[in-house]
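The following exercises concern placement, burial and charge pairing in a protein chain. Each task is followed by a solution in steps.

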Amino acid sequence: MAASPDNPAPPTTPRRKPGRHRGEGQWAVGHFTPLNGNEQFKKDDDGLNVRTRIETIYSKRGFASIDPNDLRGRMRWWGLYTQRRQGIDGGKTAILEPEELDDEYFMLRVRIDGGRLTTEQLRVIGEISQEFARGTADLTDRQNIQYHWIRIEDVPEIWNRLEAVGLSTTEACGDTPRVILGSPVAGIAADEIIDGSPAIDEIQRRYIGNPAFSNLPRKFKSAVSGSPQLDVAHEINDIAFVGVHHPEHGPGFDLWVGGGLSTNPKLGVRLGAWVPLDEVPDAYEGVISIFRDYGYRRLRTRARLKFLVADWGAEKFRQVLEDEYLKRKLVDGPAPELPKEVWRDHLGVHRQKDGRFYIGFAPRVGRVDGATLSKIAELAETHGSGRLRTTAEQKLIVLDVEEGRVASLVTGLEALGLKVDASPFRRGTMACTGIEFCKLAIVETKARGASLIDELERRLPEFDEPITININGCPNSCARIQVADIGLKGQLVLDGDGNQVEGFQVHLGGALGLEAGFGRKVRGLKVTSAELPDYVERVLGRFQAERAEGERFATWAARADEEALS
């Protein structure tokens, strides 16, 4: 039976007397009294219940009728965040009260578990974008699609249209089990170790929208991939199942826990456990239950699984998982092999295991629009089987294309400005939402990233090394700045004339997959937005001049002196 304020779990450590010490707010050791406003509003009413109020009250009476705890709290359980009021500069982000930053419009996140879409679904997403979201529809690095400019009056109709084609915004945000990342080539890739799609489906069926898991200490990010390319950023998820071959038991998954970025980044750790496909949902339930029951709820800054894993260590975490939740031992298993490919975005033309092809293509920094999505759906329906995938790198893939139709599809995508054979800069540049819509942001990101791509393609047309440039509008690392070759954290900086302008703190040499690690910060290394193309051109030129044969940027940046990086 699940632990809750009304049903405490049996503790594994001595229970303190009530009132003696508030601890970290862990339910499993008897700390049920809410210790902050977020915990209080979750105790007062489950976030899942706000849907009824949206449908029956708020959508009929308008924005002004929304209760503040619903507006800035529970509505996230259904994928809704208020967006930033237009015209508020980055210097005011941390100064203004929430109600001063709020616009009367919302971002709405559509969850796409495993990145799996049909052309019918994508067409509906495009139609909603054009009718209700002023054409917005961004691809995210968690395989979702995000709208902006959504009015509360339109939300019930948007839900009706999404759900009619099997899509949802349920728990797309909030202190919940968010979208489950999956390999975008699951079930079709010729080199796949194991198809994790059935596990994603079962996790979604059992746990998404389930009140037993709708009040977590904070968000819970998940990934399941059987691809040897390690294509779901497993190292920075709360829980990840990574495809491996067990020497005795065959294909299954290596279990990782405790990854996450933001202002206190930590890479996930292996539990050393091999999990067969049909037991993945049970292991998922065990880990998310540990987070619910033992996760730290006192401070929001420590309310992620990574802090509990760091304090307990992998050995204790696995023991608690086995003894208290699974009630059985897990099988010891091998670590995943390092990927052979540096890129893991599946861009380009690739043969499937059935002889057909999949084609991955790149917009600029995930920025697309509803009209373009509708045209992509038409192309995919004409040239493929009606299946598409989003990726964890802000890209899209069309599946099941016969060899004779590949060239025509590539031509059609290129006509829309969607590159199949993309430059390293188009391929490797990622950007978060930024100050255009995000209330936490300090600087602009999407337009900055798009213009940076264009500038670098013009200035360095011969550059052909894999490179990732991740642009974030604030310190929270939605665009994974710490694990990019060049990570750019938005902040206000001084220009040469002493004026405060938009700029970035620079992180260099981060990586996932091959040699996962966080980038280094060079003391005092900041760059204004206007200077950004010059800086990136300069540091890439030094890399090319100084690198050893076959050396990757991250390896060079780790050994280069500070002068070369400035």
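**Exercise 1.** In this predicted model, determine whether Gln143 is buried or exposed, and state where Gln143 lies.

Solution.
- Step 1. The relative accessible area of Gln143 is 0%.
- Step 2. Buried means under 20% relative accessible area, so Gln143 is buried.
- Step 3. Gln143 is placed in the loop that runs between strand 4 (136-139) and strand 5 (145-150).
- Step 4. A polar atom of the Gln143 side chain lies 2.9 Å from the backbone nitrogen of Gly182.

**Exercise 2.** Classify Arg74 as buried or exposed, and identify the side chain with which Arg74 makes a polar contact.

Solution.
- Step 1. Arg74 belongs to the loop between helix 3 (68-71) and strand 1 (80-84).
- Step 2. Its relative accessibility is 6%, so Arg74 counts as buried.
- Step 3. The side chain of Arg74 is joined to that of Asp70 by a polar contact of 2.6 Å.

**Exercise 3.** Locate Tyr284, classify its burial, and give its C-alpha to C-alpha distance from Val224.

Solution.
- Step 1. Tyr284 is found in helix 8.
- Step 2. With a relative accessibility of 1%, Tyr284 counts as buried.
- Step 3. Val224 and Tyr284 are separated by 60 residues in sequence, while their C-alpha atoms are 10 Å apart in space.

**Exercise 4.** State how many salt bridges there are, then explain which parts of the chain the pair Arg328 and Glu279 ties together.

Solution.
- Step 1. Side chains of opposite charge can pair when their charged atoms come close.
- Step 2. With a cut-off of 4 Å between the side-chain nitrogen and the carboxyl oxygen, the count comes to 50 salt bridges.
- Step 3. One of these joins Arg328 to Glu279, with the closest N and O atoms 3.3 Å apart.
- Step 4. Arg328 is in the loop between helix 10 (314-326) and strand 11 (331-332), and Glu279 is in the loop between strand 10 (269-275) and helix 8 (280-294), so the pair ties together parts that are 49 residues apart in sequence.
- Step 5. Arg328 is partly exposed at a relative accessible area of 31%, and Glu279 is partly exposed at 27%.

**Exercise 5.** Describe the salt bridge of Asp354 with Arg356 and that of Glu465 with Arg547.

Solution.
- Step 1. Asp354 and Arg356 meet through their side chains, at 3.0 Å from N to O.
- Step 2. Asp354 counts as partly exposed at 44% relative accessibility, and Arg356 is partly exposed with a relative accessible area of 23%.
- Step 3. The side chains of Glu465 and Arg547 meet in a salt bridge of 3.0 Å, N to O.
- Step 4. This pair links distant parts of the chain, 82 residues apart: Glu465 is in the loop between helix 14 (446-459) and strand 18 (469-472), and Arg547 in the loop between helix 15 (532-546) and helix 16 (553-559).
- Step 5. Arg547 counts as partly exposed, at 24% relative accessibility.
- Step 6. Elsewhere, Glu39, Lys42, Asp175, Arg297 and Arg300 are joined into one network by salt bridges that share partners.

**Exercise 6.** Name the residues that form a negative surface patch, and place Glu562 in its helix.

Solution.
- Step 1. Glu546, Asp561, Glu562 and Glu563 form a negative surface patch.
- Step 2. Glu562 is in helix 17, which spans residues 562-565.
- Step 3. Glu562 has a relative accessible area of 41% and is partly exposed.

Methods. Residues are numbered from 1 along each chain as its sequence is written. This is a predicted model: local features need pLDDT of at least 70, side-chain atom pairs count only at pLDDT 80 or more; totals for chains, interfaces and linings use all residues. Side-chain values use heavy atoms; hydrogens and water are left out. Patches are made of residues with over 30% relative accessible area and no salt bridge: like charges are joined within 9 Å, nonpolar side chains (Val, Leu, Ile, Met, Phe, Trp, Tyr) within 5 Å. Accessible areas come from the Shrake-Rupley method with a 1.4 Å probe; for residues, only the protein chains shown count as cover. Lys and Arg count as positive and Asp and Glu as negative; His and the chain ends are not counted. The place of a charge is taken as NZ of Lys, CZ of Arg, CG of Asp or CD of Glu. Helices (H or I, at least four residues) and strands (E, at least two) are DSSP runs, numbered from the N terminus. Buried means under 20% relative accessible area, exposed over 50%, partly exposed in between (1.4 Å probe, protein chains only). A polar contact is a pair of N or O atoms within 3.5 Å; within protein, one must be able to donate a hydrogen and the other to accept it, and residues adjacent in sequence count only if both atoms are side-chain atoms.
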